[in-house]
Structures are given as structure tokens and as C-alpha cells.
Amino acid sequence: MPPTLTDPFDRRIDYVRLSVTDRCDLRCYYCMPEGHNDFEAPQDWLSFEEIERVIAAFGRLGVQRIRITGGEPLVRRDLPVLTARLAALPGIEDLSLSSNAVQLERHSQALYDSGVRRLNISLDTLNPARFKAITQGKLEKVINGLMAAKASGFAPIKINMVVMRGVNDDELVDMVEFCRKHGFTLRFIETMPMGDTGRNAAEQYMPMDEVQAILQEHYPLVPGVMPGGGPARYMQIAGEELKIGFITPMSQHFCETCNRIRLSVDGTLYMCLGQDHSFALRPLLRAGISDAALEAAIIEAIALKPERHEFSEKPEQVVRFMSMTGG
Ligand code: SAM
Ligand code: SF4
């Protein structure tokens with residue numbers, strides 16, 4: 001039997017979300033404050049070699065799936081060099097990327113060739129002025145990035161839309177039609193109170209039940225299945241391929257099936273998006289820890305994993321922005 005990582009609540013941990021930077025070329029208002037520039041210093045970033053060592057250790061401990069995230073992962077220079085190295089590690093069977101797609105047109109083919117196969121792309125609106133207001137960026141670049149990704153052969157490409165009342169809740173049908181046309185999977189997400197930015201956006205919080213009810217007025221939705229779909233609950237339009245996922249961290253948390261931990265750019269393992277339990281690997285790596293001791297440290301860290309987040313009970317608790325933990 002290959003080894004497995006199990007946490008104190010008997011959940012198997014087989015998925016690592018790896019943040020390769022806390023920087024970003026957008027400023028989505030619910031994620032990162034405008035003008036924010038208090039980033040990790042380059043000497044504190046894990047190097048590609050250090051990341052490879054940690055992910056190799058996770059691979060030996062039974063982790064099979066890695067998602068590269070950030071901040072915006074495409075702002076980390078030479079990312080395809082890292083993804084090629086991670087894709088080649090024993091045990092790592094699934095390498096995926098979360099991105100805002102601003103720089104994807106340029107990097108799409110190299111990423112695909114390096115072994116990344118699945119993409120999650122953030123896109124909250126199809127209206128350029130609104131996109132600018134939400135993110136400070138240019139929608140056109142994202143659309144070009146998405147089309148390049150489609151041409152490169154990524155599958156599936158999932159669009160993640162954070163639904164916010166009074167901001168983009170009038171675009172649910174437009175987004176379904178966009179994804180239907182291009183063969184993308186669509187996932188709607190509830191805003192989470194991560195940092196002040198997330199808490200401010202919580203004022204526009206819209207529960208997924210409401211989103212689903214609006215869509216049901218337009219489409220005959222039936223339960224759907226998405227392999228490797230994670231915490232999303234999927235529906236589909238009867239008789240069609242398009243999958244529509246609903247991610248409900250607030251209205252219906254899915255902590256009892258949590259299978260993941262997060263590694264931040266400074267080498268800290270975070271056990272839960274909504275809690276502060278963490279374990280610093282960088283000092284150990286830089287002190288010359290052996291592979292066996294690194295595996296033991298990871299096992300020790302997993303023992304810290306809390307049972308669940310408390311976004312609803314203690315919304316003030318998490319001071320990290322989403323971009324710091326690796327969302
Ligand atoms: N930059 C990449 C991107 O935007 O996809 C990857 C990192 S981003 C932090 C990952 C996801 O977190 C995005 O889908 C984003 O919409 C989501 N996110 C950020 N802040 C959030 C918040 N307060 N509530 C809910 N989702 C949030
Ligand atoms: Fe950047 Fe992603 Fe956060 Fe937007 S959600 S500011 S794209 S890290």
C-alpha cells in the first residue's frame with residue numbers, strides 16, 4: 001500500500017495548493033487592497049529547488065494532485081520551468097493552475113507543454129468597464145488568454161465567478177451563455193471574509209441557493225457530476241454538456257470532506273483557508289533538513305489541521321488576504 005497522509009479527523013490529504021507568489025497584476029477588490037505592496041521579499045520566496053523538494057516529499061507521502069496558485073502564478077518568472085519539474089515527480093498525477101489569465105496568452109503553450117492540463121480562470125464579468133472597476137485590469141487580455149488556452153488544448157477550463165449582489169449578479173445568464181459557447185465549465189463562488197477586503201465584499205454576499213434559483217428560471221437544471229470537481233456541487237442543463245458548479249464555503253461548508261492543505265510562497269504550510277494553524281517549512285529547508293525529516297515535519301504539520309473554518313461564527317478572524325494564503 002502506498003503511504004497516505006491522514007489528518008486528526010480521518011480525512012485523507014492528497015491535494016496541495018501551491019502558491020508561487022503573493023503578488024498579482026490585478027487588484028480584485030474582494031481579494032487585495034488597492035495600492036497594496038506589502039509583499040514577501042524575494043529572499044523569502046521558496047526557490048524552485050525548494051518547492052520541488054517539498055512537493056517531492058508530498059508525492060512520497062501519497063499526495064497526487066497539485067494546484068499552482070497565488071497571488072497570480074503567471075507573474076512568477078519562468079513558471080513553466082517549475083511546472084515541468086513538478087509534473088515529472090513520482091506520484092504527482094495531476095497538475096493544475098489557477099490564474100486570472102491576464103498573461104496567459106503568452107504562456108499558455110509553454111504551460112501545456114510542461115504538463116499542466118487543467119485550468120481554473122477567474123472571471124467575474126464580461127463587461128470591460130465593470131471588469132476594470134472590479135479588478136483594475138483589462139478584460140480583453142483575459143479573453144485573449146482564455147482563447148489561447150482553448151487552442152493549446154487545456155481541458156477542462158473552468159471559469160470561477162465570484163457572485164456579488166449589485167455588482168455582477170445580473171450577468172449569471174450571460175456567463176452561462178459564454179461558457180456554453182466556448183465549452184468551458186462554469187463555477188459560481190460565494191464571497192469569503194478573508195482579510196478586510198473579503199469582509200468588505202461580504203456586504204455583497206449572495207448565497208448560492210439564490211444564484212441557482214435565478215438560473216433555474218432560465219434553464220432546466222439537473223444534478224451533474226464533474227470528476228475531480230472538489231467542493232463544488234454541480235448541475236447541468238438537461239441534455240447538454242455544460243457543467244455549472246456552485247461553491248458554498250459560507251452557506252454550506254464542505255469541511256468534512258476537506259482533502260487539502262496550502263503551501264505559501266514563503267514556505268508556510270497553512271492547514272485551513274479560514275484558520276491560522278500553520279507550520280513553517282522554510283527554516284527547516286534552509287537549515288539542511290534531510291528528506292526523511294522533511295516528511296516527518298509534513299506529518300507533524302498535518303496533525304495541526306483544524307476540523308473546519310469558522311467564517312460564519314468568527315468572520316473577523318482571518319487577517320490574511322486570499323492572495324497571501326493561495327486561494
Ligand atoms: N490569481 C488567481 C486567480 O484569480 O484565479 C489565483 C489566486 S486567487 C486568490 C484564487 C481565487 O480566489 C479566485 O477565483 C478569486 O476569485 C478567489 N477569491 C479571492 N478573494 C476571495 C474572497 N474574498 N471570497 C471568495 N473568493 C475569493
Ligand atoms: Fe489577483 Fe486572483 Fe486576488 Fe484577483 S483574485 S487580486 S487575480 S490573486
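**Close-ups of a predicted model**

**View 1. Leu215 and the residues it touches.** Skip the neighbours within four places in sequence, and Leu215 is in contact with Leu172, Val176, Phe188, Leu221, Ile244 and Phe246. Keep in mind that this is a predicted model. One name on that contact list, Phe188, comes up again in the next view.

**View 2. The largest nonpolar core.** Zoom out from Leu215 and you meet the largest nonpolar core, with 92 residues. Which two residues touch the most other members of this core? They are Phe188 and Leu215. Helix α1, residues 48–60, gives the most to this core, chipping in seven residues. As background, nonpolar side chains in soluble globular proteins tend to be buried together.

**View 3. Ligand 1 and its surroundings.** Look around ligand 1 and you'll find 18 residues, the closest being Tyr30, Gly71, Glu72, Ser122 and Met192. Sorted by class, this shell has five nonpolar, 11 polar and two charged residues. Two strands to look for are β5 (94–99) and β7 (157–162), since each of them supplies at least two residues of the shell.

**View 4. Polar atoms beside ligand 1.** Now go in on single atoms. A nitrogen atom of ligand 1 is 3.0 Å from a polar backbone atom of Gly71. With Ser99, it's an oxygen atom of the ligand that is 3.3 Å from a polar backbone atom. Ser122 uses its side chain instead: an N or O atom there is 2.7 Å from an oxygen atom of ligand 1. How much of the accessible area of ligand 1 does the protein cover? On its own the ligand has 540 Å², and the protein covers 94% of that.

**View 5. Ligand 2 and its shell.** Here the residues around the ligand are Cys24, Leu26, Cys28, Cys31, Gly71 and Asn100. By class they split into four nonpolar and two polar, with no charged residues. You may recognise Gly71, which is also one of the closest residues to ligand 1.

**View 6. Asn160 in strand β7.** Asn160 sits in strand β7. Is Asn160 buried or exposed? Its relative accessibility is 11%, so Asn160 counts as buried, the cut-off being under 20%. The side chain of Asn160 makes a polar contact of 3.0 Å with the side chain of Arg187. Leaving out neighbours within four places in sequence, Asn160 is in contact with Asn120, Ile121, Ser122, Leu123, Asp124, Arg187 and Ile189. Ser122 in that list is the serine whose side chain you saw beside ligand 1 in View 4.

Conventions. Residues are numbered from 1 along each chain as its sequence is written. Chains are lettered from A and ligands numbered from 1 in the order in which they are written. This is a predicted model: local features need pLDDT of at least 70, side-chain atom pairs count only at pLDDT 80 or more; totals for chains, interfaces and linings use all residues. Side-chain values use heavy atoms; hydrogens and water are left out. A nonpolar core is a set of buried Ala, Val, Leu, Ile, Met, Phe, Trp, Tyr and Cys residues joined through side-chain atoms within 4.5 Å. Buried means under 20% relative accessible area, exposed over 50%, partly exposed in between (1.4 Å probe, protein chains only). Helices (H or I, at least four residues) and strands (E, at least two) are DSSP runs, numbered from the N terminus. Contact means heavy atoms within 4.5 Å. A residue is near a molecule or strand if one of its heavy atoms lies within 4 Å of it. A polar contact is a pair of N or O atoms within 3.5 Å; within protein, one must be able to donate a hydrogen and the other to accept it, and residues adjacent in sequence count only if both atoms are side-chain atoms. Accessible areas come from the Shrake-Rupley method with a 1.4 Å probe; for residues, only the protein chains shown count as cover. Ala, Val, Leu, Ile, Met, Phe, Trp, Tyr, Cys and Pro count as nonpolar, Asp, Glu, Lys and Arg as charged, and the others, Gly among them, as polar.
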